[in-house]
Amino acid sequence: MSTEPAAEPTNGLTRITINLTRRAVTDLDWLTAATDANRTDAINRAIALARLVAELGDGRSLRIVAADGSIERIHLI
């Protein structure tokens with residue numbers, strides 16, 4: 001039996017198995033239908049967004065500008 005780690009896939013992808021709550025599955029299904037993204041792409045985008053939010057740090061805020069020009073500020077705590 002080999003003790004060496006498995007080789008990294010050559011396509012740069014890593015398969016991960018996750019357990020989602022019913023709510024998360026419902027939200028994921030809504031997101032894929034609303035964006036025409038598949039589940040993998042939707043999860044990858046969600047992780048990228050979560051990282052962006054985490055990098056902003058405590059006490060900062062995001063501004064969301066709607067198509068009509070209205071601005072909503074989201075405070076991160």
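Student: How do you know what reach is expected for α1, from its first C-alpha to its last?

Tutor: The rule is that the expected span of a helix equals 1.5 Å times one less than its number of residues. Helix α1 has 14 residues, for which 20 Å is expected, and its reach of 20 Å is close to that. This is a predicted model, in which local features need pLDDT of at least 70, side-chain atom pairs count only at pLDDT 80 or more, and totals for chains, interfaces and linings use all residues. Residues are numbered from 1 along each chain as its sequence is written, and side-chain values use heavy atoms, with hydrogens and water left out.

Student: What pattern does the protein follow along the sequence?

Tutor: Reading along, you meet α-α-β-β, that is, two helices and two strands. Both kinds of element are DSSP runs numbered from the N terminus: H or I with at least four residues for a helix, E with at least two for a strand.

Student: What makes D36 stand out in its phi?

Tutor: D36 has a positive phi of about 60 degrees although it is not a glycine. You will find D36 just after α1, in the loop between α1 and α2.

Student: Why is D36 called buried or exposed?

Tutor: Buried means under 20% relative accessible area, exposed over 50%, and partly exposed in between, with a 1.4 Å probe and protein chains only. D36 has a relative accessible area of 75%, so D36 is called exposed.

Student: What makes D27 and R23 a salt bridge?

Tutor: The term asks for a side-chain nitrogen of Lys or Arg within 4 Å of a carboxyl oxygen of Asp or Glu. The side chains of D27 and R23 meet at 3.2 Å, N to O, so by that cut-off the pair counts. In general, side chains of opposite charge can pair when their charged atoms come close.

Student: Why can D27 and R23 be separated by about one helical turn?

Tutor: They sit four residues apart in helix α1, which covers residues 22-35. An α-helix has 3.6 residues a turn, so residues three or four places apart point the same way. As for their surroundings, D27 is partly exposed at 37% relative accessibility, while R23 is exposed at 61%.

Student: How many salt bridges does a search of the whole structure find?

Tutor: The search finds three. Another of them joins E55 and R51, whose closest N and O atoms are 2.7 Å apart. E55 and R51 lie four residues apart in helix α2, which means that about one helical turn separates them. E55 counts as exposed at 52%, and R51 also counts as exposed, at 57%.

Student: How do you know that D29 and R39 meet in a salt bridge?

Tutor: Their side chains come to 2.7 Å, N to O, and are counted as a salt bridge. This pair links distant parts of the chain, since D29 belongs to helix α1 and R39 to helix α2 (residues 39-56), 10 residues apart. D29, at 34%, is called partly exposed, and the 45% of R39 makes it partly exposed as well.

Student: What makes β1 and β2 joined strands?

Tutor: Two strands pair if DSSP finds at least two bridges between them. Five bridges join β1 (residues 61-65) to β2, and the two strands run antiparallel; the pairing therefore meets the rule. For a closer look, V65 stands opposite I71, and I64 stands opposite E72.

Student: What do β1 and β2 form, and what is the phi of G69?

Tutor: They form a hairpin with five residues between them, and G69 in the turn has a positive phi of about 90 degrees.

Student: How many buried residues are there in β2?

Tutor: Among the five residues of β2 (residues 71-75) the count is zero, and this strand is hardly covered. Across the protein, buried residues make up 8% of the 77 residues.
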